[in-house]
Amino acid sequence: MSSLPAEEIERIVAGALTGDRAAESRMLEALRPGVLAVLRFGAFHRWIDQEDLTQETLHIVVERVRARTIDDPRKVFAFAAATARNLALNAARKMLRQQTVVDSELVDELAQNMEMEQGELSDSDDRQLAHAVAALLDELPTERDRQLLIRFYLDGTDKQQLCRDLGLSPKHFDRVLMRARTRLRTIIERRAPHLAFLPKATSILLPLAMSFTFWVRHFGF
Amino acid sequence: MKSLDHNSFEEQTRLVSRYVAGDLSRSERGEFEAWLVASPELAAEVEMERRLRRGIASAARRGWLKRPAPVETNRDQRRWRIAIAASVVLSLGVVLSILVPRGEPAVPGKGLFAAASERRVASTVNVRLGNVRGTGGVPDVSVSLTDAPSELVIEPDVVVLTCPNGALELECAGGSAPQTPQFVEYEMDLVKRHGETLAWRSSRQIPVGRTQLSFTLRQPGSYDAGDYDLIVRGHSPDHSEVVARFWLRVSAE
């Protein structure tokens, strides 16, 4: 997972927009984690091959950058996100069309099965995660914060209602959530680091392979 | 995009939460995802938000969460004040009714209160519904507008127990019986068949004792006569599904 700051990524993309081929390769590496995240967190994540679509998205982005029809790095980010989303939608549609199933209940069942097959957490991971969250809740300094997290995440009580009930300002509410997330990350990194951000070998290898492909294609080794 | 660049951490937290909950509008989501492409570190925040949601749900499912006692709040205090005031008024009413000689006009409100109280107790109707919908063209629940209860308590038997890994099996690994509700939370919708309009939605609830659900529809007599679907929906952090559908008929006679 790349951890380049946003300003650095913007600078790299700006370089690629000038036609700098080295910057273009770096752009592919820099955009990849974000594009992958859009696909992973999107509504169709369980219907698509995220790695494949990330590669396809980056192909389209690089073609567009080379065509010089975009002049602002921020428009490249928006274009990449929209492209990823549209490709995911099309892939999901295609997948459903290929199923000769018209019964909506069966489609639901199919979706469920796929979700189980592609479930990102094993039972052991799920248990570790539950342990980490239970530890986080135990560590919270006040009963009010505990109640806030449980009612917000488990009961689905909305923020305004919770702020009213618990006598909190919206800013304080956001701070509790932010601290909880940060603390959970620390606990997870200590107890089950693999749950912090499920890295895949392909996350590292693919950008390298793609950069190499573009490099070869351009300079014709 | 520009507007997101200078957001505070609080604003970022709020957006991440809304994004994971699926509460962003189409344009907000587009803007957020462009930001995600530009700031991969934001992906870690989104991931952690997802973990937090799933972790809390999983801990609750496993019975590891101690549900905190409600914190006394301003709202609670207001309720107490109202309750105390109501008690004082009621006591005064009772005292007056004793002191005022018989034959005098009754204290207004006393009779009404008692009648209302009895009616409330008498007019709650409990209905247990099996997980297989009734057949033969007969509604699962019928309510007459002329004799409608004040509350209709519906207890659908629809919670399916699964193994800890979510698998639907008769026997889990190690030979234990499935004990985990398939969904973390359940809710009920009342949908009028004519026009497919949502007439009522319950709050979400966690099954009590693993399988018991109880939804209270208040004043069923206030709904229009006609046929309705009672739809029970299960929710987990990343999936929701209709688990049962029943037929409610509100008749004019």
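Student: Which residue stands opposite B:Ser144 in β10(B)?

Tutor: In this predicted model, B:Ser251 in β10(B) stands opposite B:Ser144.

Student: What makes β2(B) and β10(B) a pair of strands?

Tutor: Two strands pair if at least two bridges are found between them. β2(B) and β10(B), the latter covering residues 239-251, share four bridges and run in the parallel sense. They therefore satisfy the criterion for pairing.

Student: Why are β2 and β7 of chain B called edge strands?

Tutor: They are called edge strands because each pairs on one side only. β2 (141-144) and β7 (197-201) stand at the two ends of the order β2-β10-β9-β6-β7. This open sheet of five strands has mixed pairing, and its twist averages 30° from one strand to the next.

Student: What share of chain B counts as buried, and what makes a residue buried?

Tutor: A residue is buried if 20 or more other C-beta atoms lie within 10 Å of its own. Of the 253 residues of chain B, 26% count as buried. The secondary structure of this chain comes to six helices and ten strands.

Student: How many residues does each chain bring to the contact between chain A and chain B?

Tutor: Chain A brings 57 residues and chain B brings 47 residues. On the side of chain A that touches chain B, α9(A) gives the most, with ten residues.

Student: What kinds of residue make up that side of chain A?

Tutor: The side of chain A that touches chain B divides into 33 nonpolar, six polar and 18 charged residues.

Definitions and conventions. Residues are numbered from 1 along each chain as its sequence is written. Chains are lettered from A and ligands numbered from 1 in the order in which they are written. This is a predicted model: local features need pLDDT of at least 70, side-chain atom pairs count only at pLDDT 80 or more; totals for chains, interfaces and linings use all residues. Two residues are in contact if their C-beta atoms, placed from the backbone, lie within 7 Å. Ala, Val, Leu, Ile, Met, Phe, Trp, Tyr, Cys and Pro count as nonpolar, Asp, Glu, Lys and Arg as charged, and the others, Gly among them, as polar. Axes are lines fitted to C-alpha atoms, for helices over the stretch in contact, and angles run from 0 to 180 degrees between N-to-C directions. A residue is buried if 20 or more other C-beta atoms lie within 10 Å of its own, exposed if 12 or fewer, and partly exposed in between; C-beta atoms are placed from the backbone.
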